[in-house]
Amino acid sequence: MAAPPAVVGEVLHEYGALVRDAAREYLPAVEPRRYLYDLVADYPGRGGKMMRPSLCIAVARALGAPLDHLLIAAAVSIELMHNAMLVHDDIEDESDRRRGRPTLHSQWGIAMAINAGDALALTSLRPLLGAAAQNPF
């Protein structure tokens, strides 16, 4: 018997909150903040539906995976990479707004936004590298 839609929505919301909280520990809060790391943390800090990482967790759980730091790390990695791609996509599409606020390139210029998107893409690897270091195959 399938779960009712309200229950599915609640579970996905719960998984999204787990990922949002876990992602904060991977976003650097060191120098150079003003010209790089504040920009890197901007899009992930704006919220969003967290659909991709929530579905990652939901599918893994449905297949029997435990809800542990490895699964959360994979979901965080997906979310951070998604945000990196949004930064670049906004430049390509010449978008002015993302999640109700000005896009990074609108605020800081294209070069700074590209740097932030690239740094965010590399940052998305941190959860996976950390999980692999703790749990070698």
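Let's start with contacts along the chain: among those with a separation of 6 or more, 71% are between residues 24 or more positions apart. Please keep in mind that this is a predicted model.

Now to the elements. How many helices and strands does the chain have? There are seven helices and two strands. Reading from the N terminus, you meet them in the order α-α-α-α-β-β-α-α-α. The radius of gyration is 16 Å, close to the 14 Å from the globule rule for 137 residues, so the chain is as compact as a globular protein of that length. If you like to think in boxes, the C-alpha atoms fill one of roughly 50 × 35 × 20 Å along the principal axes.

A word on the surface. Of the 137 residues, 38% are buried. The accessible surface comes to about 8100 Å², and carbon and sulfur atoms hold 61% of that. As for charge, the chain carries 13 positive and 16 negative side chains, with the centres of the two sets 4 Å apart.

Let me take you to three residues, beginning with Leu39. You'll find Leu39 in helix H2, which covers residues 33–45. Is Leu39 buried or exposed? Its relative accessibility is 3%, and because buried means under 20%, Leu39 counts as buried. Setting aside residues up to four places away in sequence, Leu39 touches Arg33, Arg34, Leu104, Trp108, Met112 and Ala116. There is also a nice pairing to look at here: Leu39 and Gly117 are 78 residues apart in sequence, yet their C-alpha atoms are 8.5 Å apart in space.

Next, please turn to Thr123, in helix H6, which spans residues 110–123. Thr123 has 7% relative accessibility, so this residue counts as buried too. What does the side chain of Thr123 reach at 2.7 Å? That would be the backbone oxygen of Ala119. Beyond four places in sequence, Thr123 touches Tyr26, Leu27, Pro28, Val40 and Leu80.

Our last stop is His82, which sits in helix H4, residues 69–93. With a relative accessibility of 18%, His82 counts as buried, since the cut-off is under 20%. Which residues is His82 in contact with, once neighbours within four places in sequence are left aside? The answer is two arginines, Arg52 and Arg99.

So, if you have the model open, try finding Leu39 in helix H2, Thr123 in helix H6 and His82 in helix H4. Thanks for listening!

How values were computed
Residues are numbered from 1 along each chain as its sequence is written. This is a predicted model: local features need pLDDT of at least 70, side-chain atom pairs count only at pLDDT 80 or more; totals for chains, interfaces and linings use all residues. Side-chain values use heavy atoms; hydrogens and water are left out. Helices (H or I, at least four residues) and strands (E, at least two) are DSSP runs, numbered from the N terminus. The radius of gyration is taken over C-alpha atoms; the globule rule is 2.2 Å times the number of residues to the power 0.38. Buried means under 20% relative accessible area, exposed over 50%, partly exposed in between (1.4 Å probe, protein chains only). Contact means heavy atoms within 4.5 Å. Accessible areas come from the Shrake-Rupley method with a 1.4 Å probe; for residues, only the protein chains shown count as cover. Lys and Arg count as positive and Asp and Glu as negative; His and the chain ends are not counted. The place of a charge is taken as NZ of Lys, CZ of Arg, CG of Asp or CD of Glu. A polar contact is a pair of N or O atoms within 3.5 Å; within protein, one must be able to donate a hydrogen and the other to accept it, and residues adjacent in sequence count only if both atoms are side-chain atoms.
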